[in-house]
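Grab your favourite viewer and work through a few short exercises. Try each task on your own before reading its solution.

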Amino acid sequence: VFQVRIHGRGGQGVVTASEMLALAAFLEGRHAQAFPSFGSERTGAPVASFVRISDSPIRVREPVMTPDAVIVQDVTLLHRVDVFAGLRPDGFVVINSAHNIEWCDVCPPSREDDPEHLVCVNATEIAVRHIGRPVPSAALLGAFAALTDVVTIASVIEAVQERLPGKVGADNAAAATETHQLVVARASSGDVSRA
Amino acid sequence: VRRQVEGSRAVAETVACCRPQVVSAYPISPQTHIVEGLSRLVKSGELAGCTYLNVESEFAAMSVVIGAAATGARAYTATASQGLLYMTEAVFNAAGLGLPIVMTVANRAIGAPINIWNDHSDSMSQRDCGWLQLYAADNQEAADLHVQAFRVAEELSLPVMVCMDGFVLTHAFEEVDIPDQDLVDRFLPAMRSRQVLDPDHPVTIGTMVGPEAFTEVRYLAHLRHQEALRLIPEVAGEFLKVFGRPGAGLIRPYRCGDASTVVVAMGSVLGTLGDVIDERREQGQAVGTLGITSYRPFPAEAIRAALGNAARVIVLERSLSLGSNGAVTTDVRGALAGTSTEVVSVVAGLGGRPVTKVSLHGLLDRSASGALETFSFLDLDQTAVDRELARYADVAPRQTQEVSP
């Protein structure tokens, strides 16, 4: 089972992001589960959601406590919430940030110089450019797909467009495609953590 | 059709396939997405021939479905927590009147203190209301239970409550095979009522019944509950024939045939428990789990047959009967009376506290080492309890101030 925890703030679409990721896996014929950290969500408050992806049916219902990947939708959470709690030693990290991880000043354990497992993308800027609104979910999923290879970008795009029909979906898919290409290009150049 | 879908959405679409003629609802978390979904399906015309009433309270919601069912309409509502309590008086009436209403309860704790998260306090508070109570282990079962609930309700002239864990199931986005309309139509015939309010053939229902007959009325209702013990597995068998997957049945035994220790539970915790049981089986431990799907009627015989070989049964209670233990424990003890099986009670997951695999393994470790008490709480924060007890001891009661006239 591949486990993902998505951190963000109320209103940024962490639930939508988790559902789109689960849907992408489902579209590939795999089993998936997404659920929010049920709370009295208020706009701007720290929130999280969880995704499990597996080749066999998923029964467990506990929150994801030892994630294989963490997606951070809001960089200001790095100083507020222990977003890396329980992250597996070889786990992946995707951070929405205009800067690279050194600037963020809060490194996950043993990730400082490991671009294979960590990427910062300016998903908010990319989202604003494509969608006109600071909604980074789809863009971060594009980066996630490139970094982890757990789902393909084609599935992410299909899931995004199924979940968000029409122009909104097409714009979100374009944002996901851009971040995916950025991270793939970064990986092939073997360069820094920032894409 | 197999889809990746929110539990609430799966239930809304499944209920729509059952062609309810009246849906009456008042929103309350975590149930709201279900009736919002139905509202959209009525508005879009996908659910035709249905009157959707957005009422001013849960008491009105239940009263409306009572009126609708009394005229012979297939009627549905959903609620949770305080909403269920607010409609309680009408809930008892629906059962007493023998009306085949189906209601979803998206299980949630009851205040005070206010808590929107999942446990079974709400539906357990209605244990004796006369409704059948079915508990879903996952969203596939939640959807399927609704189809079977309408069948059972209408055959028995009794209301059925389908309980699904709030948030844990209602808000989980997972794979569900939503029943096809033509299969539902084949399985669930158009509503036929034994008792209909009809101006051309006037009758009165729910009149005063005095001491001379009230016991007999209750006895007859109890007989219908006993009848449900036969009917629920029968309907589940038909469900399998029509839909190609097992129906609900009364209980859900898992690897408990040769188990010396069996954990009994209701609802979504059975999924996590299944993983824990598998992990311990791999270590050669003879453990199993038993889900209770039908809590009312209580399938004592089936449970006794399934648990008879176990040395110890651990009942995982998702609600607490303050001053006693948990209601399920009492029932399970009754079912196993006269056997040598020991029954212990563990209160777990109150007010949304996750029941984790680590905690369940710890529980089974304590059981194996003989350290598990007859009654305990899973993951109790003893430090917080002690701190509060100390604080309480320190606070001197204050004299009530006299109010000047």
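What follows is a set of tasks on a predicted model, each with a worked solution.

**Exercise 1. Work out how helices α7 and α9 of chain B are oriented to each other, and say what makes the contact.**

Step 1: Locate the pair. In chain B, α7 covers residues 139-156 and α9 covers residues 214-243.

Step 2: Get the geometry. The axes lie 9 Å apart, and the packing angle is about 135°.

Step 3: Classify the angle. Over 145 degrees would count as roughly antiparallel, and 65 to 115 as roughly perpendicular. The value here is about 135°, so α7(B) and α9(B) are oblique to each other.

Step 4: Add the handedness. The crossing of α7(B) past α9(B) is right-handed.

Step 5: List who touches whom. On the α7(B) side you'll find B:D144, B:V147, B:Q148, B:R151, B:V152, B:E155 and B:L156. The α9(B) side brings B:R224, B:E227, B:A228, B:L231, B:I232, B:V235, B:A236, B:E238, B:F239 and B:F243.

Step 6: Sort them by character. The contact between α7(B) and α9(B) holds ten nonpolar residues, six charged ones and one polar one.

**Exercise 2. Take B:H225 and B:V217 and decide for each: buried, partly exposed or exposed?**

Step 1: Place them. B:H225 sits in helix α9 of chain B, and B:V217 is in helix α9 of chain B too.

Step 2: Apply the cut-offs. Buried means under 20% relative accessible area, and exposed means over 50%. B:H225 has 12%, so it is buried. B:V217 comes in at 35%, so it counts as partly exposed.

Step 3: Check the surroundings. Leaving out residues up to four places away in sequence, B:H225 touches B:G130, B:W131, B:L132, B:L158, B:R296 and B:P297. For B:V217, try B:G98: the two are 119 residues apart along the chain, yet their C-alpha atoms are separated by 11 Å.

**Exercise 3. Find which residues touch the most other members of the largest nonpolar core, and which helix gives the most to it.**

Step 1: Recall the background. Nonpolar side chains tend to be buried together in soluble globular proteins.

Step 2: Pick the hubs. The largest core has 95 residues, and B:M62, B:Y76, B:W131 and B:V332 touch the most other members.

Step 3: Name the top contributor. That's α7(B), with eight residues.

Step 4: Look elsewhere. A separate core has 48 residues, including A:A69, A:F144, A:V183 and B:F173.

**Exercise 4. Summarise chain A.**

Step 1: Count elements. Chain A has six helices and six strands, running β-α-β-β-β-β-α-β-α-α-α-α from the N terminus.

Step 2: Check burial. Of its 195 residues, 58% count as buried.

How values were computed:
Residues numbered from 1 in each chain as written. Chains lettered and ligands numbered in written order. Predicted model: local features only at pLDDT ≥ 70, side-chain atom pairs only at ≥ 80, totals over all residues. Heavy atoms only, no water. Axes fitted to C-alpha atoms, helices over the stretch in contact; angles between N-to-C directions. Helix = DSSP H or I, 4+ residues; strand = E, 2+ residues; numbered from the N terminus. Parallel < 35°, antiparallel > 145°, perpendicular 65-115°, else oblique. Left-handed = near helix turned anticlockwise from the far one by under 90°. Contact = heavy atoms within 4.5 Å. Nonpolar A, V, L, I, M, F, W, Y, C, P; charged D, E, K, R; others polar. Buried < 20%, exposed > 50% of the residue type's maximum accessible area, 1.4 Å probe, protein only. Core = buried A, V, L, I, M, F, W, Y, C linked by side-chain atoms within 4.5 Å.
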